[in-house]
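Let's take a friendly walk through this model together. Have the sequence and the 3D view open side by side, and follow along as we go.

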Amino acid sequence: MRMALWIGSGIFVASACSSQAPEVQQELGHAVYITYCQSCHEAPGTGPRLIPAVLASRLTAVRLYLYNKQQMPYNAGGILSDEDYLNVTAWLLQRADLLGPNELLTVDNMDTISLTSPIEETPRPSITP
Ligand code: HEC
């Protein structure tokens, strides 16, 4: 089974480069979520449902990524590889409609992705000049 293979091969995940296809990133990110996040983040878990309004409190994709990396899983932040955190963040964003279906989340574009309005909406005027 694909997921079992993935779980057992951290080296493969760690070496997945940022030029991978968006659908591969989503698949890997979903697997991370199932394994490390959903027990708390799907009802009746102890964590909040990670709906768009909740993700919005992080403001930008880079902040969400850093939060996940530093704080999650709860009391065990940093246990996953950077690539796993990137992929699971991408998956959370796409599920929330904050990342387009063919968009790849990368370290280079994550600071440009706003979490405060869905991608279909007109971007809000920026607060700082
Ligand atoms: C052991 C339970 C647990 C696990 C596992 C867990 N979380 Fe959490 N998570 C929590 C709790 C509890 C909070 C609320 C923390 C707080 O308010 O200080 C939280 C908060 C969050 C938030 C912030 C929500 C907000 O209010 O802004 C995000 C994003 C998040 N978790 C993502 C993840 C991701 C991604 C994973 C998997 C890598 C994960 N969590 C795994 C319990 C968990």
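**Starting from asparagine 68**

Asparagine 68 is in contact with Tyr85, Val88 and Thr89, leaving aside its neighbours within four places in sequence; two residues are in contact here if their C-beta atoms, placed from the backbone, lie within 7 Å. Asparagine 68 itself sits in helix H5. Helices in this text are DSSP runs of H or I with at least four residues, strands are runs of E with at least two, and both are numbered from the N terminus. The C-alpha atoms of asparagine 68 and threonine 89 are 7.8 Å or less apart in the view you have open: the value is 7.6 Å, for two residues 21 apart along the chain. Put simply, that separation is 7.6 Å. Because asparagine 68 has 24 C-beta neighbours inside 10 Å, it counts as buried; the cut-offs are 20 or more other C-beta atoms within 10 Å for buried, 12 or fewer for exposed, and partly exposed in between, with C-beta atoms placed from the backbone.

Two notes on reading these values. Residues are numbered from 1 along each chain as its sequence is written. The model is predicted, so local features need pLDDT of at least 70 and side-chain atom pairs count only at pLDDT 80 or more, while totals for chains, interfaces and linings use all residues.

**The chain as a whole**

The protein chain has six helices and zero strands, and of its 129 residues, 26% count as buried. Among its contacts with a separation of 6 or more, 61% join residues 24 or more positions apart. The mean pLDDT (the predictor's confidence in each residue, from 0 to 100) is 85, and 75% of the residues reach 70 or more. Over residues 3-16, though, the pLDDT is below 50, and this stretch has 14 contacts in the model beyond near neighbours in sequence.

**Helix H5 and the core**

Back to H5, which spans residues 61-71: which of its residues are buried? They are Ala61, Leu64, Tyr65 and Asn68. These residues lie on the same side of H5 because they cover an arc of only 100 degrees around the axis, where the arc is that of the directions from the helix axis to the C-beta atoms. An α-helix has 3.6 residues a turn, so residues three or four places apart point the same way. On the other side of H5, Gln70 and Gln71 are exposed. What do the buried residues of H5 pack against? Their partners are helix H4 (52-55) and helix H6 (82-95).

The largest nonpolar core holds 24 residues, and Ala61, Val88, Leu93 and Leu105 touch the most other members. Such a core is a set of buried Ala, Val, Leu, Ile, Met, Phe, Trp, Tyr and Cys residues joined through C-beta atoms within 7 Å. Helix H3 (22-41), H5 and H6 are the elements that give two or more residues to this core, and H6 supplies the largest share, seven residues. Valine 88 is a good place to zoom in: not counting residues up to four places away in sequence, it touches Gly29, Val32, Tyr33, Cys37 and Asn68.

**Around the ligand**

Next, turn to the ligand, which 19 residues surround; a residue counts if its C-beta atom, placed from the backbone, lies within 6 Å of the molecule. The closest are Cys37, Cys40, Gly47, Pro73 and Tyr74. H3 and H5 are the elements that give two or more residues to this shell, and H3 gives the most, with five. By class, the shell has twelve nonpolar, six polar and one charged residues. Here Ala, Val, Leu, Ile, Met, Phe, Trp, Tyr, Cys and Pro count as nonpolar, Asp, Glu, Lys and Arg as charged, and the others, Gly among them, as polar.

Tyrosine 74 lies in the loop between H5 and H6. Is tyrosine 74 buried or exposed? It counts as exposed, because it has 12 C-beta neighbours inside 10 Å. Leaving aside its neighbours within four places in sequence, tyrosine 74 is in contact with Cys40 and Gly47. The C-alpha atoms of tyrosine 74 and cysteine 40 are separated by 8.8 Å, with their positions 34 residues apart along the chain.

**Backbone details in the loops**

Proline 73 is also found in the loop between H5 and H6, and a cis peptide bond joins methionine 72 to it, with omega about -5 degrees. In that loop you will also find asparagine 75, whose phi is near 65 degrees, a positive value in a residue other than glycine. A second cis peptide bond runs from alanine 43 to proline 44, with omega near 5 degrees; proline 44 is in the loop between H3 and H4. Finally, leucine 59, in the loop between H4 and H5, has a positive phi of about 70 degrees although it is not a glycine.
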